[in-house]
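Grab a coffee and work through these short exercises on one protein. Try each task yourself before you read the solution.

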Amino acid sequence: MIACLGRIVHDSDDDVSTVFKSLNLQGTVENGDFSGIASKDFGGLNSVKPLYLIKPSGAEDIARVVKAAARTPHLTVAARGNGHSINGQAMSDGGYVVDMRSTAENHFKLVTVNGSPCIDVSGGALWEDVLTRCVSRYGLAPRSWTDYLSLTVGGTLSNAGVSGQAFRYGPQTSNVTELEVVTGKGEIAVCSETQNPELFFGALGGLGQFGIITRARVKLQQAPDMVRWIRVVYSEFEEFTRDAEFLVSQKEGESFDYVEGFVFCNNDDPANGWPSVQLNPDQEFNPSHLPQTAGSVLYCLEVAYHYRNSDDPSTVDTAVSRLLGRLRFVERLISTVDVSYVEFLLRVKRAEEHAKANGVWDIPHPWLNLFVSKSDIVDFDRTVFKKMLKDGIGGPILIYPLLRSKWDSRTSVALPEGEIFYIVGLLRFVPKGPSVDKKVAENREIVNWCTKEGWDFKLYLPHYRSKEDWKRHFGNQWTRFAKRKASFDPKAILAPGQRIFKRGT
Ligand code: FAD
């Protein structure tokens, strides 16, 4: 189908309209405006008006759009996955936004790589669809996830993609073997560890700077049927971190299959306090079990154990009890539930439905995500959790350890030094109004504090406004990052919302 070119009319930019007419797109084009999806993201903090919203049919359309932008002196192209960025990273001010969701169905093929199963999926596919299809059709599933799955494959691979499985399998960027990418030169390239590796590793964690991922080959494993999902509570940070680090350092088969954690308040606040720990309404949180020494914040270790329907229940009980027996959580402060594997992975979708029903899902989200080295995490707890955020943040405060050795240093992601580092996520939900700016300022204060103290940390899902800050973020990887940019997107057409490079001619 030829694009709805009749709709491409823009008062001030007839020449661009002419360029498009020559493109012969298979997809569609819409005028950009402030009310459409291209001007919005989950953060709800920024809005800019694109020139056009493109709904491409596939890589060829995207390549044509990039080439058309390249022929102008100023236009940029932003791939929009599912728009779940916080700071306008998927937007393009006065440029083209490419809605990757329109390509979601382009690929879904099971392939075997070196004897192991993989799935070829579109960069615009949602992980939740990849999950349900892989499980229902093949009994297989990707190994590494994000907590929330209404995110696109290309969107998370451009960052890292982290959840409670990453300690074992690495982030999602460590679990793909091949990509198809449209570069900033408008070239369609297939890349892997051995074929065009600079583009492959550059695009992984590359913040969309080097190419638009149109297809990814994702490693699969056999999907379990069920998950025992457990939360245990700690009053002492050092005990929480010791147990979390112990679990993530064990060999496969000798630990849980998922390890995460969060900070919560020692009070009965429904969003930030004791009720936020309960997995099972029959297992009420009884604060009288807490030791006298407990302070105003507490810690919850969240773990999960996979099993199959055919497993003997007593074998599962024994394995779980043995692992729990190694931990030093507050006795009796434990909550457990058994759910299907798919239900477990879609757990945040349930929370989303709930929040949408209560009108709190679509409010602003001034989130802050950091990777903080193990060497500084106790100081971080002392200052940030125990003082700055002691009353909670109106949303989850995630914290769990990851292992650097599971990340490939050839990808573009910047990490702290040292083998063990923590992901810290301040997932704020803030009603529209002046408090949004206050929370943004509080985030800045936390980052400034970390910098001032000389802590070993990096922003995850980074957001900076100046090139100097980006250089500092990448540190000794900056030269490589800039070189990759010069090779694959020399005019800086792609992902302008990241504000790393300025469009050149
Ligand atoms: P978008 O926000 O649309 O795009 C993000 C960036 O990637 C933009 O710069 C965009 O231009 C670029 N981009 C998009 N698609 C492509 C593509 N195909 N090729 C190249 N570049 C592209 N992250 C985690 O790691 N773990 C989590 O558990 C987690 N949970 C989350 C929960 C929620 C509720 C939300 C809102 C976010 C969460 N995130 C998590 C963060 C999430 O991974 C990132 O925000 C991700 O970028 C969102 O994907 P998206 O498809 O919405 O991308």
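**Around the ligand**

The shell around the ligand draws at least three residues from each of domain 1 (5-100 + 488-498) and domain 2 (108-222). Keep in mind that this is a predicted model.

**Exercise 1.** Work out how many residues surround the ligand and which are the closest.

*Solution.*
- Step 1: count the shell, taking residues whose C-beta atom, placed from the backbone, lies within 6 Å of the ligand. You should land on 36 residues.
- Step 2: pick out the closest, which are Gly81, His84, Gly154, Gly155 and Gly208.
- Step 3: look for elements that give two or more residues to this shell. They are strand E3 (77-80), helix H4 (153-157) and strand E10 (211-222).
- Step 4: sort the shell by class. You get 19 polar, 14 nonpolar and three charged residues.

**Exercise 2.** Lay out the four-stranded sheet: what is the strand order, and is the sheet open or closed?

*Solution.*
- Step 1: read across the strands. The order is E1-E2-E4-E3, the pairing is mixed, and the sheet is open.
- Step 2: find the edges. Strand E1 (28-31) and E3 each pair on one side only, which makes them the edge strands.
- Step 3: check the twist. On average, neighbouring strands here are turned by 25° against each other, direction ignored.

**Exercise 3.** Describe how E1 meets E2, then find which helix packs on the sheet.

*Solution.*
- Step 1: E1 and strand E2 (residues 52-55) run antiparallel, paired over four bridges.
- Step 2: for a landmark, find Thr28, which stands opposite Lys55 in E2.
- Step 3: the packing helix is H2 (residues 59-70), and it touches E2, E3 and strand E4 (96-99). The direction of H2 makes about 170° with that of E4.

Technical notes:
Residues numbered from 1 in each chain as written. Predicted model: local features only at pLDDT ≥ 70, side-chain atom pairs only at ≥ 80, totals over all residues. Near = placed C-beta within 6 Å. Helix = DSSP H or I, 4+ residues; strand = E, 2+ residues; numbered from the N terminus. Nonpolar A, V, L, I, M, F, W, Y, C, P; charged D, E, K, R; others polar. Domains from an automatic or database assignment. Pairing = 2+ DSSP bridges. Axes fitted to C-alpha atoms, helices over the stretch in contact; angles between N-to-C directions. Contact = placed C-beta atoms within 7 Å.
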